[in-house]
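Dear colleague,

Please find below the sequence and the structure that I am handing over to you. A summary of the findings follows directly after them.

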Amino acid sequence: MYDRVALHQPRRLLALAALLAATTAAGARQAPDDALHQAVAPPPSRQDDAPLPGARSARNANYEIDVRLDHENRRLTGTETIRWRNIGRGPASSIVLHLYWNAWRNNQSSWMRERALAGGERTPREDEWGYIEIDRIELLEGPAAEPGAGERSPQPRGEPLTPTFQSPDDGNPDDRTVVSVALPQPVEPGQSVALRVAWTSRVPRTFSRTGAIGDYYFIAHWFPKVAVFETDRWTAHQFHANTEFFSDYGSYDVRITVPQGWVVGATGTERSRADNRDGTTTHRYAQDDVHDFAWTTSPTYIEHRQRFEHEGLPGVDMRLLLQPEHAGQEDRHFAATAAALRYYGEWYGPYPYPQITIVDPAWRSGAGGMEYPTLFTAGSRWLAPRQSNQPEGVTIHEAGHQFWFGMVGNNEFEDAWLDEGLNTFSEERVQELAFQPNYRVERFFGGFIPWQQRDIALARATDGNGLNGYRGAAERDTPATPTWRYWPGTHAQITYSKTALWLHTLERQLGWETLQQVLATFFERWKFRHPRPEDFFAVATEVSGRDLEFFFDQVYRSSNEFDYAVEKLTSVRVETTGYEGEGDRRAYVERTSDTTYRTTLVVRRLGEAYFPVDIKVRFEGGEEIRLGWDGLRRWQAFTWDRPERAVSAEVDPDRLLLLDVNYTNNSVTLQPEAAPAATRWSMAWMIWLQDVLLTYAFFV
């Protein structure tokens with residue numbers, strides 16, 4: 001997801017603190033379903049998730065779905081057959097399903113309560129709400145062992161089952177995003193069960209990237225979806241405003257019925273298309289080894305196709321569904337997608353599917369910047385100046401999610417940084433290599449009119465990694481906190497920006513070749529599986545050959561800020577005042593050296609976090625002294641007696657530590673810098689004046 005600039009919202013701090021305390025208490029009082037997780041640390045062991053023979057994944061959560069869109073009433077009716085195999089280590093006495101669209105059923109859901117606390121959001125109108133209702137669940141087969149395991153074949157059951165809503169995270173009795181279905185008998189490890197589910201849903205005006213506006217539909221997280229069974233319990237979080245999703249891999253076979261003449265894009269490849277007598281068309285899409293399925297439809301899409309080809313990587317059919325007003329931007333969407341497929345493929349591992357679909361969302365649809373297997377939404381404007389990386393940036397980011405989260409399927413409810421942070425770091429590296437310069441753009445009149453400032457090129461280390469946003473949120477949350485518990489308004493800064501900053505710091509400290517091997521090894525080892533943070537840290541230590549735990553303690557297990565500073569720099573002639581000598585030779589002297597200057601430097605650690613940094617002191621004539629400082633003490637003094645005066649001193653001169661929240665205090669100069677200062681201030685005033693004149697010119 002690409003939402004780093006969309007989360008600067010006012011926060012009602014006291015109200016939120018009270019709510020969190022109340023909901024935590026309520027969750028503690030609630031007796032959880034015996035198969036549901038409790039909101040505590042994850043279990044020590046997980047799943048037998050080795051790929052099936054001839055498959056990329058375990059394929060333990062498989063779906064056959066038929067869905068029909070009623071455009072006039074904005075409704076979906078669907079049936080699905082779920083075939084689920086227990087790859088945990090204990091029996092499952094129930095099946096747990098996510099009903100994500102109930103987050104927008106009314107304002108009492110946990111999702112809506114959390115959004116309201118963040119502030120700044122209007123109350124939806126009556127026709128904007130959405131929901132999903134299960135009409136019937138029945139047991140078709142099982143539980144029974146997998147074929148060939150010595151057990152009898154699954155027998156049809158047709159037994160109706162009763163769903164029960166659960167609120168394992170906060171005890172909210174009005175939240176209906178998780179439902180538990182008790183089974184007649186437990187599903188033992190290795191056994192399978194098949195369910196048939198019929199449901200009805202109302203498509204909302206877009207929430208969380210899914211919904212409809214006019215005749216544009218983007219449909220995601222739309223069907224009753226099996227949670228993840230780990231060890232001996234279900235990991236099934238409620239839908240929260242600042243988190244996303246977690247599910248197992250499987251095969252999807254989906255039939256989508258929409259009005260005739262409407263264009264459909266979906267996860268996977270289109271296997272068939274048939275017109276029906278009632279003026280509709282049924283599109284069948286299928287895909288193996290994915291953990292989700294999303295689709296879109298509209299009669300106004302303009303379809304474009306292009307083939308990705310690059311030496312050493314498999315070819316990919318790229319399909320773009322473009323809004324008519326963005327005609328002429330197709331080359332930019334394709335170039336950005338191809339760059340992601342190329343660089344991610346070379347750095348981490350090849351994209352394994354034969355196709356990828358790029359969706360250009362409708363104006364004000366709220367569906368831009370979101371990822372799903374083999375399909376993603378980008379985001380552009382009618383006026384989008386080239387060399388300002390819109391739509392390039394968001395397109396690279398969402399295409400990149402095909403790797404981080406699409407293939408390496410971490411739990412986004414709990415550890416969203418494992419995909420969003422790794423992907424932000426990777427996206428910005430691609431932009432630095434393939435799409436430069438990237439000029440700053442200011443937008444006026446509600447964001448409609450852009451003005452490109454070609455004298456301000458954005459830098460990866462600061463602008464791309466989101467340093468400014470991170471500064472204001474650095475101490476708000478500890479990244480080790482489950483993501484769904486993050487303070488509203490800090491999700492993006494901690495999940496995206498902090499992770500990108502510390503990964504970029506590791507790149508500068510270890511070198512790109514080493515970090516690339518870390519990421520490639522992690523990708524290869526955990527693709528089509530569910531890694532946790534400890535898995536990444538173990539790979540990083542193993543591949544780098546260094547003990548990096550001190551670093552992860554600072555950046556992951558702590559919310560402490562990094563801030564190093566030069567507190568004092570003096571360089572004066574050595575003066576001797578007082579007594580010298582012994583006995584009869586003792587004499588009082590006042591002497592100033594003509595040849596020696598004493599330079600005194602005091603550096604200080606202002607933040608609570610620590611990191612080894614270099615110190616550089618430059619002297620007259622250009623000579624420099626560099627030394628390392630472990631950065632542990634609160635302050636450290638250094639002294640040199642030399643024949644020349646010091647000119648400047650700097651902590652972290654190569655800027656390895658990109659997490660330093662105040663880099664302006666890292667250096668001191670003893671020489672006037674009037675010309676650069678005057679230039680900087682004059683540029684700031686000229687940009688302001690330029691904006692004023694542009695605004696004036698528009699009206700006259």
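Along strand S30 (residues 635–642), which side chains point to one face and are buried, and which point to the other and are not? The buried face carries Gln636, Phe638, Trp640 and Arg642, whereas Trp635, Ala637, Thr639 and Asp641 point to the other face and are not buried. Buried here means under 20% relative accessible area, with exposed being over 50% and partly exposed in between, for a 1.4 Å probe and protein chains only.

Please note that this is a predicted model, in which local features need pLDDT of at least 70 and side-chain atom pairs count only at pLDDT 80 or more, while totals for chains, interfaces and linings use all residues. Residues are numbered from 1 along each chain as its sequence is written, and side-chain values use heavy atoms, with hydrogens and water left out. Helices (H or I, at least four residues) and strands (E, at least two) are DSSP runs, numbered from the N terminus.

S30 runs antiparallel to strand S27 (residues 587–605), and eight bridges join the two. Arg642 in S30 stands opposite Tyr597. Two strands are taken to pair if DSSP finds at least two bridges between them.

Two open sheets may also interest you. One has four strands in the order S29-S28-S31-S32, with antiparallel pairing. Strand S29 (624–629) and strand S32 (667–669) each have a single partner strand, so one side of each is left without a neighbour in the sheet. Within this sheet, strand S28 (residues 613–619) is joined to strand S31 (residues 646–651) by five bridges, and Arg618 has Ser648 of S31 as its bridge partner.

The other sheet, also antiparallel in its pairing, has four strands in the order S6-S7-S3-S11. Its edges are strand S6 (163–165) and strand S11 (225–226), each pairing on one side only. Two bridges link S11 to strand S3 (residues 92–98), and His98 stands opposite Lys225 of S11.

Finally, helix H3 (residues 330–347) packs against helix H6 (residues 417–434) at an angle of about 115 degrees, with the axes 10 Å apart. Axes are lines fitted to C-alpha atoms, for helices over the stretch in contact, and angles run from 0 to 180 degrees between N-to-C directions. The contact (heavy atoms within 4.5 Å) involves Ala339, Tyr343, Tyr344 and Trp347 of H3, and residues of H6 including Glu427, Arg429 and Leu433.

With kind regards
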